[in-house]
Amino acid sequence: MQARVRSLYLTLLLVSLVLGGCTISLRDPHRESSVLASFRVEPPTVLADGEFISQEAVKALLDHLSLRQKVGQLVLTGFEGAVKPTDLNVFVGAFQVGGLLLYPRNIQNSTQLKELIDYGNDLTHASGLVVKMPLLWCLGEEGGRNQRLPRDLGVFENAQTVGDSAYGVEGALEYGQRLAGALRQVGINALIGPVFDRRGSNPLIGSRAYSDDPVITAVIASAVLQGLHDEGVIGIVQHYPGIGDAVYSSPGEFMYLDTDYTHLVGRELVPFRAAINSCAEMVLVSHLMIPTLDEDYPASLSTVMLNEVLRNTLGYNGIILCDDLNATAITEHYSPGEAAVRAILAGCDMVLVCHNMEDQEDVLNALYQACASGEITEERLEESLGRIISLKQRFLLWP
């Protein structure tokens, strides 16, 4: 009976978040952050979301980072190989990237995966820098046939199964907690997910979505997200602003959604508003064109979609992550470096570049040059770095 009452309570609470646009947080407001001791300044600043973070500590860290280190924190990269890869040494040792995204090409079994992550973390000690920034280790785990975690860590259902089954809110919360436990066993601290897109006509979403109903999607996905965060794993909400009904005009071109603002707010954005009103720390933005709102840029490069809608209208204050810059739709129109600079200028805090070491170095060098020249101002750079450092202080173990 108690479980049923709690499930009903959580359901009503999450629905109120979706429909009411309130700013209730389900996190424990008394959870203390693991701020790097030598940079902690008392008393800490209490942020709007209830977390205790010293902004003076953030500033102190920034003062000890080189420009190349600062730029590196803006980038998540993929890499090749599963055992001490050469490019991992380059990205962590030379460029000080903010995080790494794991693919099946990096995973053989749970023992190997933990050793790989431990090796990558050790590289943050090897550079001889004053400040050694911890890494985000990310995995796109969606369960079912697409499970990427070694199965000795558990078997996980896909989103459609979780949404359509008798799991309910309580079961979805427990699913997120169980998934987080498996991720943490091998050292993964961030999940590319949950999917907050509602299921529509776009075959790219399908069973990756919890429901075709925006409110059910909001409730179940938010519960999974909360479960992840309860166990110390960062959930990266995807794929804003919602690609469930997106279509392609032609191969290699951007996905687009033929909708107006009213329809977008009342349908596609409902789950994302719920994520923001619960505990979203990172949001991944897709390369989706909505011509009625911005006829020139996809959401990932659009000031309108990032600042006016996501920041100002939905009230999101966390990290915005630009989707993969190796995507064909991007490379048909921009070099990865050009797209990275545009994304940061438009309002993204981090960019994802998953493949091709030449493209990854192009992104890192282009961002460095843009910051060195003042195209990306120091104020704009440190705005994003403040968010990144604050997140790492709260969720990651410092080297």
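In which helix does Lys70 lie? In this predicted model, Lys70 belongs to helix H3, which covers residues 67-72.

With a relative accessible area of 12%, Lys70 counts as buried, because that term is used for values under 20%. Leaving aside residues up to four places away in sequence, Lys70 touches Leu62, Leu65, Leu381, Glu382 and Leu385, so that its contacts include residues numbered in the sixties as well as in the three hundreds.

Burial is also a theme in helix H10, which spans residues 270-278. Of the 9 residues in helix H10, 8 are buried, and therefore this helix is largely enclosed by the rest of the structure. Among the buried residues of H10 are Val270, Pro271 and Phe272 at the start of the list, while Ala274, Ala275, Ile276, Asn277 and Ser278 complete it.

A strand can be looked at in a similar way, one face at a time. Strand S5, made up of residues 136-139, is covered on both faces: Leu136 and Cys138 are buried on one side, and Trp137 and Leu139 are buried on the other.

Strand S5 also pairs with two strands, as the table sets out.

| Strand paired with S5 | Sense | Bridges | Residues standing opposite |
|---|---|---|---|
| S4 (residues 99-102) | parallel | 4 bridges | Leu100 and Trp137 |
| S6 (residues 190-195) | parallel | 2 bridges | Leu139 and Leu191 |

Read together with the burial of its faces, the table shows that Trp137, a buried residue of S5, stands opposite Leu100, and that Leu139, which is buried on that side of S5 too, stands opposite Leu191 in S6.

How values were computed. Residues are numbered from 1 along each chain as its sequence is written. This is a predicted model: local features need pLDDT of at least 70, side-chain atom pairs count only at pLDDT 80 or more; totals for chains, interfaces and linings use all residues. Side-chain values use heavy atoms; hydrogens and water are left out. Buried means under 20% relative accessible area, exposed over 50%, partly exposed in between (1.4 Å probe, protein chains only). Contact means heavy atoms within 4.5 Å. Two strands pair if DSSP finds at least two bridges between them.
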